[in-house]
Amino acid sequence: MLRMLSRGLGLGAVLLALTACGTIERPDPVPLRVLEGQLAPTVDPRIRAGDEDKLRALAEEFAAGLGQGEAQRNILALSGGGANGAYGAGVLVGWSQTGTRPRFDIVTGISTGALAAPFAYLGSDWDDELQAAYASGQADGILGPRGLAAFVAPSLFSPGKLKQLVDDNVTPELLQAIAVEHAQGRRLLVVTTNLDGEESVIWDMGVLATQGDEQALTLFRQVLVASASIPGVFPPVMIAGLTDGRLVEEMHVDGGVNMPFLAVPEAMLGWNDPVPGVAASPDRAAIYVLVNGQVSRDYRVVRGRLPAILARAYDSMSKAALRTHLVANATFAQRNGVAFRVAAIPGDRTVSSLDFSQESMQSLFELGRSSAAAGQAWSAMNAGATVAAIARDPAGEAGEASDEDE
């Protein structure tokens, strides 16, 4: 699959001068072009980078979730990773099979993690639906080529199969179940990137589920598709929003553009003092980060071609951002006496985030399931251990250039 993307990138580079028309038409000012200009009033489910009051309330809710009550409090953060999301789905199902999977107070998702987050939030009773979404072949062929239309479109691949996957799995029944859990104080959060504002937007999906009408269902689906829309691979999703009092269309893409996962809100990471009310005991509170990918570096000879160089540079950049984010979150957890656990695809496994074939995704799902069922998926980390683990180069001889780089 990466070879397919690389060839597309190469051809796109050659024909760059011919793709000027491959854009989304956006007049100025950008008008709202959905629901015939009508938008039913409701509570805004989004938390923007500039929404200080909402961000403060969210931070306080995270702090309360980690430090209050008699029962252990748990946060689950699902990262991006494309087809590698099958591994995370397997981990959740295998974890259920051990009988030790917690009931999470807060579940967050980015990119492919956003697609799995509703099922993870609803718990083990929805494992069958989670497994079907990732391991039954529903995603096979998701990278549907546009043909010549790719040169007059804002992405290499059509979003049709991705939208269909979301529509098939996000049903009114799923929203009803989420609304019930939201009413009990649990939170389901999904992150997109607003390219117009260069900001991450956190969506409270329980608010949408509680609204429960057709508009809420449509927006719920739009947010999930947007969070999973890798720029250049899938087109941006235009979502209605308010800017300076005007109703406009905002351009939203993959939440992983700005952050690899959401475990602790950015506003909390810089707090110098322990969070008031957070229990200083790891057996009372835990953060679980499920990485749908690999953390460790791997050595591979990169071919001297533009597509291979771009693909490898993107992979290196993404892993570096992931490691930095893990360190920041592990430091917060250690400072506040919160257990911090990470699960990721083993570094010795060759994977591709763009290989959506049923065979590959079933294999990754089984790897995650068997690892979790055997109690081997999760590693406890503190800041020092995390730094040591991610700074160490893997042992082994330099490898030959693989098909992924061709």
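Visitor: Which phi does G123 take, just after α4?
Guide: G123 takes a positive phi of about 95°. This is a predicted model, where local features need pLDDT of at least 70, side-chain atom pairs count only at pLDDT 80 or more, and totals for chains, interfaces and linings use all residues. Residues are numbered from 1 along each chain as its sequence is written, and side-chain values use heavy atoms, leaving out hydrogens and water.

Visitor: And how many residues of helix α4 are buried?
Guide: 11 of the 11 residues, spanning 112–122, so α4 is largely enclosed by the rest of the structure. Among them are F119, Y121 and L122. Buried means under 20% relative accessible area, with exposed over 50% and partly exposed in between (1.4 Å probe, protein chains only). Helices (H or I, at least four residues) and strands (E, at least two) are DSSP runs, numbered from the N terminus.

Visitor: New topic: where is H252 found?
Guide: In strand β9, residues 246–254.

Visitor: Is H252 buried or exposed?
Guide: Buried, with a relative accessible area of 0%.

Visitor: Which side chains make a polar contact with the H252 side chain?
Guide: The side chain of T192 does, at 2.9 Å, and so does that of E250, also at 2.9 Å. A polar contact is a pair of N or O atoms within 3.5 Å; within protein, one must be able to donate a hydrogen and the other to accept it, and residues adjacent in sequence count only if both atoms are side-chain atoms.

Visitor: How many helices and strands does the protein chain have?
Guide: The protein chain has 13 helices and 12 strands, and 50% of its 406 residues count as buried.
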